[in-house]
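The following questions and answers examine a protein model, with reasoning set out step by step. Please consult the sequence and the structure while reading.

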Amino acid sequence: MEPVYEYVYAVKTLGSFTAAAKYLNITQPALSIAIKKLEEKIDHPIFYRDTKPIALTPAGEILFSFIEKLILLESNTKAALADIANWREGTITIGATQYFTAFILPKYILSFADSHPKAQINIIERSADMLPDLLENNDINLIFSLEEFDLNRYSLYKGITDYVFISIPKSFINSTRLRKYCLTREEIISTKYEELKSIPSLDDFNRMPFVLLRPGNNLHYRSRMLFQLEGIMPPIKMMLDQLTTAHYISKAGFAATLTTDRLIKQIHDNDELLYVKFDHPLMIRNFNIVIKKDVYRPLVLQEFIEMFQ
């Protein structure tokens, strides 16, 4: 890529000629002259110079979009050429929530590391609503998501499925009907999900206190939709950021909550909790692996994705 295009990119992203010249390690007059010559060549101004931060003109917007594509093309080409010789030694950067990093990814990473000992796996842990921006900005290679994406720009692959249960402190169960449908941790571990008994309605939970996750978390949306569809309004005692924390709060006897089969299986409840299955699409979460289409997909990343197929 021609140096002057790098100059335009630096001025736009850094917001001023002064900051760009410092970053590029050239003098500001030299930078200004180079960009002025480009403007004369294309017969259009590129920047509005009287704004702070500096802004692109319509012609500058067009030019900048092509420069971004050139940078991406150059990056993808370098990655593809390097991949030919070192495809088993590449780097994968995964964006994931705390739930994924603690309870789902470890076994997959261990298996992948055994078969790809020279591959580097990095994890960036963020809340679910922050991960798409990291993917869009090319800070990570993939995310696991329940959200919808533009299929013209993103590729979706099968990820993992987990099953949602209602976790109930034993002291809260004072209904013979509700107790009839309660499951123990041992039953959930030893029985296929499809074979577990399911409660026919959520009427027994209308007055039971709940702990929910905050808005922005997929389980918050699911729990609210579930309560609305079932016509119940249980009191919400607390809002939390992490699913794991909600599970432990429920285990302490504070309130019921929505949890998952993975947490139930991996966290010993000391016989303090019982669980209820409710047959409803909102109680099944199918996570997709999401990657960008315009970014080079190294072979090591493809092999990682194949583990889940």
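A salt bridge is taken here as a side-chain nitrogen of Lys or Arg within 4 Å of a carboxyl oxygen of Asp or Glu. The model is predicted.

Q: Which residue forms a salt bridge with D241?
A: The closest N and O atoms of the pair are 2.9 Å apart, and the cut-off is 4 Å. D241 lies in the loop between β8 and α11 (243-251), and its partner in the loop between β7 and α10, so the pair ties together parts that are 27 residues apart in sequence. The partner of D241 is R214.

Q: Is R214 buried, partly exposed or exposed?
A: A residue counts as buried under 20% relative accessible area and as exposed over 50%. The relative accessible area of R214 is 38%. R214 is therefore partly exposed.

Q: How many salt bridges does a search of the whole structure find?
A: The pair of D241 and R214 is a salt bridge, and D162 forms another with R285. A search of the whole structure gives a total of eight.

Q: How many residues apart are D162 and R285?
A: The closest N and O atoms of D162 and R285 are 3.1 Å apart. D162 belongs to strand β6 (residues 154-169) and R285 to strand β11 (residues 284-292), so that the salt bridge links distant parts of the chain. Both D162 and R285 are buried. Their separation along the chain is 123 residues.

Q: Which residue meets the side chain of R177 in a salt bridge?
A: The N to O distance in this pair is 2.0 Å. R177 lies in helix α8 (residues 176-180) and the partner in the loop between α9 (185-190) and β7, so the salt bridge ties together parts that are 27 residues apart in sequence. R177 is partly exposed at 33% relative accessible area, and the partner is partly exposed at 25%. The partner is D204.

Q: Which residues of strand β7 point the same way as F210 does, and which point the other way?
A: In a regular strand the side chains alternate between the two faces of the sheet. Strand β7 covers residues 210-213, and its residues are all buried whichever way they point. F210 shares its direction with L212, whereas the other way is taken by V211 and L213.

Q: What is the handedness of the crossover from β7 to β8?
A: β7 and strand β8 (residues 236-240) pair in the parallel sense over four bridges, and F210 has I236 as its bridge partner in β8. Between these strands the chain passes through helix α10 (residues 218-230). The resulting β-α-β crossover is right-handed.

Q: Which residue of β9 stands opposite V211?
A: Strand β9 (residues 256-260) pairs with β7 in the parallel sense. Two bridges join β7 and β9. The residue of β9 opposite V211 is T257.

Q: Within what arc do the buried residues of helix α2 fall?
A: The buried residues of α2 (residues 17-24) are F17, A20 and A21. Seen down the axis of α2, these residues line one face of the helix, because their directions fall within a limited arc. The face turned away from the buried side of α2 carries the exposed residues K22 and Y23. The arc is 100°.

Q: Which residues make the nonpolar surface patch of about 250 Å²?
A: One member lies in the segment before α1 (3-14). That member, M1, is partly exposed at 33% relative accessibility. The patch is made by M1, L70 and L73.

Q: What is omega for the peptide bond between K52 and P53?
A: P53 lies in the loop between β1 (47-48) and β2 (55-56). The bond joining K52 to P53 is a cis peptide bond. Its omega is about -5°.

Q: What is phi of N270, which is not a glycine?
A: N270 lies in the loop between α12 (261-266) and β10 (273-276), and at 55% relative accessibility N270 counts as exposed. D43 is also a residue other than glycine with positive phi, near 60°. Phi of N270 is about 55°.

How values were computed
Residues are numbered from 1 along each chain as its sequence is written. This is a predicted model: local features need pLDDT of at least 70, side-chain atom pairs count only at pLDDT 80 or more; totals for chains, interfaces and linings use all residues. Side-chain values use heavy atoms; hydrogens and water are left out. Patches are made of residues with over 30% relative accessible area and no salt bridge: like charges are joined within 9 Å, nonpolar side chains (Val, Leu, Ile, Met, Phe, Trp, Tyr) within 5 Å. Accessible areas come from the Shrake-Rupley method with a 1.4 Å probe; for residues, only the protein chains shown count as cover. Buried means under 20% relative accessible area, exposed over 50%, partly exposed in between (1.4 Å probe, protein chains only). Two strands pair if DSSP finds at least two bridges between them. A crossover is right-handed if, with the strands pointing away from the viewer, the path from the first strand over the helix to the second runs clockwise. The arc is that of the directions from the helix axis to the C-beta atoms.
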